[in-house]
Amino acid sequence: MVCALAAAVCFGTATVLQAVAARQAGTGGGGEAALLLRALRQWRYLAGLALDGLGFLFQIAALRSIPIYAVSAALASSLAVTAVVAARLLRVRLTGTEWGAVGVVCVGLAMLGLAAGPEGDQEGSDTLKWAMLATAVGMLVLALLGGRLTGRMRALVLGLGAGFGFGVVEVSVRLIDSLRPADLLTNPAAYALLIGGGAAFILLTSALQRGAVTTATAGLVIGETIGPAAIGVIWLGDRTREGFAWLAVLGFAVAVAGALALARFGEAPASDGEAVQAVGPPR
């Protein structure tokens with residue numbers, strides 16, 4: 001659980017940097033890929049990516065030792081880290097309710113830490129590996145065409161897409177049982193991890209920049225928690241400590257609910273000169 005929490009700290013801090021950079025990169029033409037390229041010229045975005053890389057290493061270590069549902073809840077709860085970092089570094093004023101939500105997230109994670117058992121010992125089937133690859137490709141198509149979406153559902157679709165992409169990464173890590181180059185080249189999960197992660201980053205950058213991101217943040221939290229957690233329990237054998245299943249379910253629900261209560265931290269400021277109202281979603 002320590003590695004999952006370390007990953008959440010890295011991702012939550014990176015979000016503060018990336019949200020500002022993504023909004024600054026919003027001016028100019030081109031589609032979603034062009035937006036990402038402009039964001040990559042911002043030092044804050046690069047610093048955020050470095051933290052994301054460190055967080056990903058912690059995430060891999062966590063996924064190799066505890067169930068996916070515990071890791072998913074911890075990563076979604078990086079919104080609490082984002083809120084605290086924004087309050088300290090960017091002088092964002094948190095309301096009493098939002099501080100309460102941060103506390104709720106901590107309580108939910110504590111419940112999960114007490115209830116979580118070891119990771120499941122079931123190997124994922126080839127069908128599951130191909131399903132992850134198909135989902136990753138679908139999210140990549142959505143990422144490349146996301147700029148053409150219009151209407152109220154746009155933010156929710158982009159957020160869910162990013163969540164599904166990150167969810168594919170979580171599951172794919174568990175489906176890779178050998179790091180030998182020959183095995184990686186023939187494992188669909190390895191390609192799903194790379195494609196899903198890339199698509200999620202493009203979708204997340206778009207969501208950070210393009211209005212109504214609070215809705216997108218809620219979609220992201222839902223997309224990266226519920227699906228991967230269900231796959232871990234149903235197909236990969238994730239379990240809780242004996243007699244603690246109820247505590248794990250309650251802790252998962254509490255942690256995710258607390259993260260959703262902090263969804264306003266999905267909206268980046270328009271420029272450095274503005275008072276920061278909120279910052280971007282996790283990752």
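This section describes the fold, the side-chain pairs and selected residues of a predicted model.

The chain contains 12 helices and zero strands. Read from the N terminus, the order of elements is α-α-α-α-α-α-α-α-α-α-α-α. The chain has 283 residues, of which 53% count as buried. Among contacts with a separation of 6 or more, 83% are made by residues 24 or more positions apart. The accessible surface of the chain amounts to about 12,000 Å², and 68% of this area belongs to carbon and sulfur atoms.

Two salt bridges were counted in the model. In one of them, Arg174 is paired with Asp238, with 3.0 Å between the closest N and O atoms. Arg174 is located in helix α8, whereas Asp238 is in the loop between α11 (213-235) and α12 (245-261); the bridge therefore ties together parts that are 64 residues apart in sequence. Both partners fall under the 20% limit for burial. Arg174 counts as buried because its relative accessibility is 10%, and Asp238 counts as buried because its relative accessibility is 2%.

The other salt bridge joins Asp183 to Arg180, and here the closest N and O atoms are 3.9 Å apart. Asp183, at 28% relative accessibility, is classed as partly exposed. Arg180 has a relative accessibility of 55% and is therefore classed as exposed.

The count of aromatic pairs came to one. This pair consists of Phe166 and Phe201, whose ring centres are 5.8 Å apart and whose planes meet at 85°, an edge-to-face arrangement. Phe166 belongs to helix α8 (residues 153-175) and Phe201 to helix α10 (residues 188-209), so that distant parts of the chain, 35 residues apart, are linked by the pair. The two rings differ in exposure class: Phe166 is buried, with 5% relative accessibility, while Phe201 is partly exposed, with 22%. A further ring, that of Phe244, has Arg241 over its face, at 4.6 Å from the ring centre.

On the surface, a nonpolar patch is formed by Val137, Val141, Leu144 and Leu145, which together have about 320 Å² of accessible area. Leu144, one of the patch residues, is part of helix α7 (residues 126-145).

Helix α7 also contains Lys129. With a relative accessibility of 11%, Lys129 counts as buried. Apart from neighbours within four places in sequence, the residues in contact with Lys129 are Gly124, Leu175, Asn187, Pro188 and Ala189. The C-alpha atom of Lys129 is separated by 9.1 Å from that of Ile176, a residue 47 positions away along the chain.

Ser72 lies in helix α4 (residues 68-76). The relative accessible area of Ser72 is 0%, and the residue is therefore classed as buried. When neighbours within four places in sequence are left aside, Ser72 is in contact with Glu170, Glu224, Thr225, Pro228 and Ala229.

Two exposed residues were also examined. Val2 is placed in helix α1 (residues 2-24). Its relative accessibility of 69% puts Val2 in the exposed class. Val2 and Ala74 are 72 residues apart in sequence, and their C-alpha atoms are 9.9 Å apart in space. Leu194 is placed in helix α10, the helix that holds Phe201 of the aromatic pair. Leu194 has a relative accessibility of 62% and counts as exposed. Between the C-alpha atoms of Leu194 and Ser172 the separation is 9.4 Å, with their positions 22 residues apart along the chain.

Definitions and conventions: Residues are numbered from 1 along each chain as its sequence is written. This is a predicted model: local features need pLDDT of at least 70, side-chain atom pairs count only at pLDDT 80 or more; totals for chains, interfaces and linings use all residues. Side-chain values use heavy atoms; hydrogens and water are left out. Rings of Phe, Tyr and Trp (its six-membered ring) pair if their centres lie within 6.5 Å; planes under 30 degrees apart count as stacked, over 60 as edge-to-face and the rest as tilted. Helices (H or I, at least four residues) and strands (E, at least two) are DSSP runs, numbered from the N terminus. Buried means under 20% relative accessible area, exposed over 50%, partly exposed in between (1.4 Å probe, protein chains only). A charge sits over a ring if NZ of Lys or CZ of Arg is within 6 Å of the ring centre and within 35 degrees of the ring normal. Patches are made of residues with over 30% relative accessible area and no salt bridge: like charges are joined within 9 Å, nonpolar side chains (Val, Leu, Ile, Met, Phe, Trp, Tyr) within 5 Å. Accessible areas come from the Shrake-Rupley method with a 1.4 Å probe; for residues, only the protein chains shown count as cover. A salt bridge is a side-chain nitrogen of Lys or Arg within 4 Å of a carboxyl oxygen of Asp or Glu. Contact means heavy atoms within 4.5 Å.
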